Each structure stands twice: as C-alpha cells, then as structure tokens.
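Please find below my notes on the model, set out as numbered points. They address the contact between the chains and then the sheet with its helices.

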Amino acid sequence: MIEVKDLHKAFGTVQAVDGVSFTARDGEITGLLGPNGAGKTTTLRMLYTLMAPDRGQVRVDGVDAAVDPLGVRRRLGVLPDARGLYKRLTAGENIDYFARLHGLPEALLASRRDALIKALGMDDIVNRRTEGFSQGERVKTAIARALVHDPRNVILDEPTNGLDVMATRALRQFMARLKAEGRCVLFSSHIMQEVAALCDRIVVIAHGRVVADASPDALREATGEHNLEDAFVKIIGSDEGLAA
Amino acid sequence: MSAASGKARRSAFLTVFLKEVKENLRDRRTLTSAFLTGPLLGPILLVLLLNVTLNRELDKAEKPLPVPVIGAQYAPNLLAALKAGGVVPGAPVADPERAVRKQDADVVLRIAADYGKAWRKGEPVQIELIYDSSQRDANTAVERVSQLIEAYARQQGAMRLVARGLSPDTAWPLHVARRDQATPQSRAVLMFAMLPYFFVITIFMGGMYLAIDLTAGERERQSLEPLFANPVPRWKILAGKLAAISTFSTASLLITLLAFAVVGRFIPAEKIGMELDLGLHFGSCVLLLMLPLVLLLGALQSMVAAFAKSYREAQTYLSLLMLVPIIPSLVLAILPIKAQAWMYAVPLLGQNLGIMQLLRGDGVSGQQIGLCLAGSLAAALLAVLATIRLYRSERLAISA
C-alpha cells in the first residue's frame, strides 16, 4: 500500500507539486491521470525517493520514505519515466544487474528472472544485447528488471508511452495480472481510455493538485457526464494535454 | 543492505564493479583508448622523437661539414687545417648573409684579401664567420668551425712564440680545466623531462570513457534514474564505478610501463653518452608513486563529467582537464627548481620529481616516497568525498 499525504515540491519559483494526497491500495490498480506537466512524474519521483519532498509524507507498506528511503525502495518495483538500458549488456544481464543490486541470492535470481521472461514473453530477446531493441522490447526489459525482486508495490510512469497497439494490450494484461496477484499497482498516464479501462481508482492531477479521487463510475456520477472523456474535461477545466 | 543470510549473494559494490568492467570490455572505443592509444602513444612518440634528435646530433658531430668559403686562395694553410677537421670548403657564395638567412648554408667563412700580407707581417687578421644563431640547427656547425679556427690560431701563436725563444705559456697564464659532473643518466634526464606527463596521460585516457559513462553517459541514455531506484546507497554505486575506473587506468599504466621497458632497449642513448634504465625497478617505483594519482584522477574525472549535460560535453571538459597535469612537467622543464622536501607532497609535482630522480639514477628515498603517497592520497580522498557529495544531489539523477 502506498500512502501519500500533502506532498509539495518546488523547482525555483515553479510549484510542480502543490499538496498531493492519495492512497493506492493492495489488489487494486490506481491510475494517476493528468495532462502533460501536471506534476505526475515529480510526484512519482518523490515516491521512489529520487527526490525529497519540500513538505508532506510518503509511506509504503507503513515505511516512511523520509526515515528509511532504502526500505521504501526495497518494497517498490519502479518503471521510471527514464527507462534506459545498458546497450552493451543483454536483456538478461540487464535484469540480473538490478536483481543483484536488490541483493537477491543467485539461486532465487535465476528463477525470478525466468518467471518474468516467460510472463512477459521475452524468450527470443533475453540473450540479445539491448542495442537496437524496439520500444516494446525495451519496455519489457525495463519492467522485468523493475519487478525481478518480487515487490508488493509497483509504480509505472507512463508505461504505454510509445508502444504499439499489440504491446499496449499485452502490457495491460500484465498489469491486470499484477493486480490479481494482490499487488498494489500505481501507474500514471495522460490517456483517458487506458485509465478508464484498467483502474479501480482514478486520481486526477492538474497544476500540481489532486482535483478528483474516485472510481471511474463515481467520477461519471459526480460530473453528471456519461462519457468519461467529458467528465475529465469538466474536472480539469480544459482538454489541453489530454489524449483519448 | 549487508550481506546477511547464508545464501550466495553479491555485494552491491562488487555488482556495480563487475557490471562496469564487463560492459566496458565490450566497448571498442574504451578498449582502444585504455589499452592501445593511451598507453602506447607515449613510448612510440618518445622513440621517434629521440631517434630523430640523436641521429641529427650524431650526424653533425661526425659528418663532413660543407662550408662555403670566400677568399679561400688567401689562406691555404688555414684551409688545410679546417679540412683536417672534417670541413669541406665549398665554392664562394655571392651573398653570404642571404644564404645563411635562407638556410642554404649553416655557416659561411669569409677571408679578407689582405690576409696573406697581414699574416706575413705578424699582424692580427680577421676571419669572418657568417651565421644565424636563431637557426638552432646551424649551431653545431658554427661551433665546430669556430673551434677549429681557434685551435689553428692557438697553434700558430705558440709556434711564433717558440720562434722568438719564449715559452707559449707566457701568452696563456690561465688554463681552464672543465670537470663535468653530469653522469650518463643525468644527461638523459634533459631529454626525458616529459616522461612523467606521459604516465599521467595514460592514466587519464585509461579511465576517461568510464568516467564519462559514470554520470553523463548514464544520464544521457536515461539509465541513472532506474539505477538510483534500487535500494543501494549512492555512495556504494559510486565506489563500484570508481573501482572500475581505477582498474582500467591501472591496466593502462601497466601496459605503458611495459612498453617503455621494451622500447628503452631500442633507444640508442649510449651513442650520445646517456644511460637509460626503464626496466623492472623503474617500472615498479613509478607504479607505486602513481597509484594515488589513479584514484585522484578517477575522482576528478567523474566530478568534472558530472557537471556535463551530455557525453559530448563531458568529453570537452575532460580534454581541458587533461591539460592540467602538464603544468608541473612544463614548469620543471623550463625553470630548474631545486626540489624541496614539501614539493614531494604536492600531487603531480611529487610524482614528477620522483620519476626524474629515478631517471637520473639517484633513486628515491623512503621519506620522499612517503610524502608523495601521503600527499596524493589525501588529495584523492578529498576528491572522492567531493564527488560523493555531488553524486548525492537530487539534480544529478534527472535526465536533461
């Protein structure tokens, strides 16, 4: 479970995140929806302790990020916005590297890696160097290395960015599977249909603030719009930066 | 996370180190720079340079020296003496000043028409040597001709004194006896003043691409952020990377020392009375003196590269940083400083002095080695701490 309370973060005079609070529960997919530049990535970066918030608190499975950042990172699987791979290493070696950094024993490492390779359908690329990988192959590898330590909580920053239809479909199925395994899945997106189709709960962020936090149905009800797209536009106040 | 639990697991430090080594061993550019161009450039350059210089010096000293002579017919005896000294008198040139400036001749000899008359009267006569001292090439030739003439003059003077029943010593109340204390090794030092810089450059090139990769490279290919999302303190990641940089630069240094040892055998140093020992003892002493520099340069390179936004920018910064270590070598080459004890504690300068002393064949004392290691190690630790601080900053991880 990921709990976020009243997060603030400013870069110079720009208030990127201005009082964000929400909770992402286990066994649920929580979507962080907002136009580009709304503060989604900055919020997520504070969750996985890459940045320290100016104010506010982050707790993962009850562990306070300010007190024990390593403990928080150990409980998280993260696919950041930046998902660069080491191009002179094979996909498998990329996964192993992160597994060892998580302190996985060698025997467990091999079985975890093989399970993920199967689940993500990566058998044909596991022994290839990642240089020249397609966007889809790159994302698969990045997800595998993020989840190799079997984390209870999974954070995915715009995971479908740049993927084609088939790869997006496969990724959505994989996320549903993570949810079915009882994990807490938090992902950000600026694509409404994706959020609507997958999420148990939607947190809408605009201008660094949470403007809505509810189930898709509740959002529709609250705005009085049958169409979710119209509901979002109404909540955010404009359709700038959103994609259908 | 400490290595708990009985099952085999690799420490974060070792994981980072091994991954960096493996990844960079697969990179042709890094390999070329660390194991080929970096370490071999110095030895090859040195051999070429030395051979050219040595051969030229040797040529000048032994070769017949053509000298255009104006008015050769007035002084046949003088010319005979010059010929005996290896000078080949040539046809007179119309404009000797121009010929010298245009480097058609190194030196031109002009004998006045009244030479014979004055000589017979026992009056002093003037011989003109026309040359251009800014043409360094010509200096050996000028020196040779003028020495031959002076020797001839002295000999003739002595004969005149004897003919008048005087001892030649009357005319030369003082004798200068030169006792040159230069040993064959110390003469070599003059030519090898740049050797310490070659070693520094080698260390530099050996670790350069890894150092760039450490921050600018990881950031440019967007892998630093996922790396930092792992439950490993950043200083441990940095330590692993610094270890990888140091391993590569030490390997470069070893290769270059080996190359110098091999090349040292082919340098015809003894031909000009020099002695050169670039063998095992020299190599191990240099390695010892240089080890703290390996860490210092690695940390400095990482630090400088961390300020760059891209790989290319980091490369530019580092090539500027590469010029810094040349300063002590240049200063020592231009200003003949007498080494004080404290100078050994100054990083780069200490290594420079130590290596020069080794080349002279004087050896380095334990105290000097101690000072050199302590000073450079302290500087290296400071650089590492500063880099760790920099590595901790929030901005570092975020890609452009």
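1. In this predicted model, the contact between the chains involves 26 residues of chain A and 26 residues of chain B. On the side of chain A that touches chain B, the elements contributing two or more residues are α2 (69-74), α3 (91-101) and α4 (106-119) of chain A. The largest share, four residues, is that of α3(A).

2. As to composition, the side of chain A that touches chain B comprises 17 nonpolar, six charged and three polar residues.

3. Chain A contains an open sheet of six strands with mixed pairing, in the order β6-β7-β8-β3-β9-β10. The edges are occupied by β6 (76-79) and β10 (209-214) of chain A; each has a single partner strand, so one side of each lacks a neighbour in the sheet. From one strand to the next, the twist averages 15°.

4. At the β6(A) edge, the partner is β7 (residues 153-157) of chain A: the two strands run parallel and are joined by four bridges. Within this pairing, Val78(A) has Ile155(A) of β7(A) as its bridge partner.

5. Two helices should be considered together with the sheet. Helix α1 (residues 40-47) of chain A lies across β3 (28-33), β7, β8 (184-189) and β9 (201-206) of chain A, and runs at about 150° to β7(A). Helix α9 (residues 228-236) of chain A also packs on the sheet, where it touches β9 and β10 of chain A. The direction of α9(A) makes about 40° with that of β9(A).

Notes:
Residues are numbered from 1 along each chain as its sequence is written. Chains are lettered from A and ligands numbered from 1 in the order in which they are written. This is a predicted model: local features need pLDDT of at least 70, side-chain atom pairs count only at pLDDT 80 or more; totals for chains, interfaces and linings use all residues. Two residues are in contact if their C-beta atoms, placed from the backbone, lie within 7 Å. Ala, Val, Leu, Ile, Met, Phe, Trp, Tyr, Cys and Pro count as nonpolar, Asp, Glu, Lys and Arg as charged, and the others, Gly among them, as polar. Two strands pair if DSSP finds at least two bridges between them. Axes are lines fitted to C-alpha atoms, for helices over the stretch in contact, and angles run from 0 to 180 degrees between N-to-C directions.
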